[in-house]
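Dear colleague,

Please find below the structure that I am handing over to you. A summary of the findings follows it.

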Amino acid sequence: MKDEALRWLDEALWDLETAEILHREKRYNAAAFYSHQAAEKASKALLYYINEAPWGHSIRVLLQRYFSATGLNVIEDVMICARELDRHYIPSRYPNAHPAGTPHEAYDENTSRRAIECAKKVIEYVKKAIYK
């Protein structure tokens, strides 16, 4: 399953680069969403790596499944980022997730930057776990 894990990690890195492009172009809500996608795919790579089925979209749940299956200690700063990124899965895309306005009005540079940094933290953890 290492090959499948590497495919998912490769796509996670592609999504992270997409998030950075969107951030640079001031498409902050889309950058936050792609940051979530990058970390989600990286988290799924971890599960593929240990022959677990990676179902769902919650980065927090995916990582909890990994820590539980491996018996490894939970890495709290990675889980903080997982929770941060999960908050962008719906609101970054759908107007009805906000009391008024649109997602692109609700997101700003700082929120986008934090999401990208969190995605990087999750991806770095995954790289270390897979390439140990």
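I begin with Leu46. Setting aside residues within four places in sequence, Leu46 is in contact with Leu63, Tyr66, Tyr125, Val126, Ala129 and Ile130. Please bear in mind throughout that this is a predicted model.

Leu46 also has a place in a wider group. The largest nonpolar core comprises 35 residues, and Leu46, Leu63, Leu85 and Val126 are those with the most contacts inside it. Two or more residues of this core come from each of helix 1 (2–24), helix 2, helix 3 (59–70), helix 4 and helix 6. The greatest contribution is that of helix 6, which gives 10 residues. As general background, nonpolar side chains in soluble globular proteins tend to be buried together.

The packing of helix 4 against helix 6 was then examined. The axes of helix 4 (residues 76–86) and helix 6 (residues 109–130) come within 9 Å and cross at roughly 135 degrees. Helix 4 is therefore oblique to helix 6. The crossing of helix 4 past helix 6 is left-handed. On the side of helix 4, the residues involved are Asp77, Val78, Cys81, Glu84 and Leu85; in helix 6 they meet Arg114, Ala115, Cys118, Ala119, Lys121, Val122 and Tyr125. Of the residues in this contact between helix 4 and helix 6, eight are nonpolar, four are charged and none is polar.

Two histidines also deserve a description.

His36 is found in helix 2 (residues 28–49). Is His36 buried or exposed? The relative accessible area of His36 is 0%, so this residue is buried. Not counting residues up to four places away in sequence, His36 touches His57, Ile59, Leu85, Asp86 and Tyr89. Leu85, one of these partners, is also among the residues with the most contacts inside the largest nonpolar core, and Leu85 takes part in the contact of helix 4 with helix 6.

His88 lies in the loop between helix 4 and helix 5 (103–106). With a relative accessible area of 6%, His88 falls under the 20% cut-off and is therefore buried. Apart from its neighbours within four places in sequence, His88 is in contact with Ala32, Phe33, Tyr107, Thr111 and Ala115. Ala115 is also one of the helix 6 residues that meet helix 4. By contrast with these contacts, Ala53 is 35 residues from His88 along the chain, and the C-alpha atoms of the two are separated by 23 Å.

Yours sincerely

Conventions:
Residues numbered from 1 in each chain as written. Predicted model: local features only at pLDDT ≥ 70, side-chain atom pairs only at ≥ 80, totals over all residues. Heavy atoms only, no water. Axes fitted to C-alpha atoms, helices over the stretch in contact; angles between N-to-C directions. Helix = DSSP H or I, 4+ residues; strand = E, 2+ residues; numbered from the N terminus. Parallel < 35°, antiparallel > 145°, perpendicular 65-115°, else oblique. Left-handed = near helix turned anticlockwise from the far one by under 90°. Contact = heavy atoms within 4.5 Å. Nonpolar A, V, L, I, M, F, W, Y, C, P; charged D, E, K, R; others polar. Buried < 20%, exposed > 50% of the residue type's maximum accessible area, 1.4 Å probe, protein only. Core = buried A, V, L, I, M, F, W, Y, C linked by side-chain atoms within 4.5 Å.
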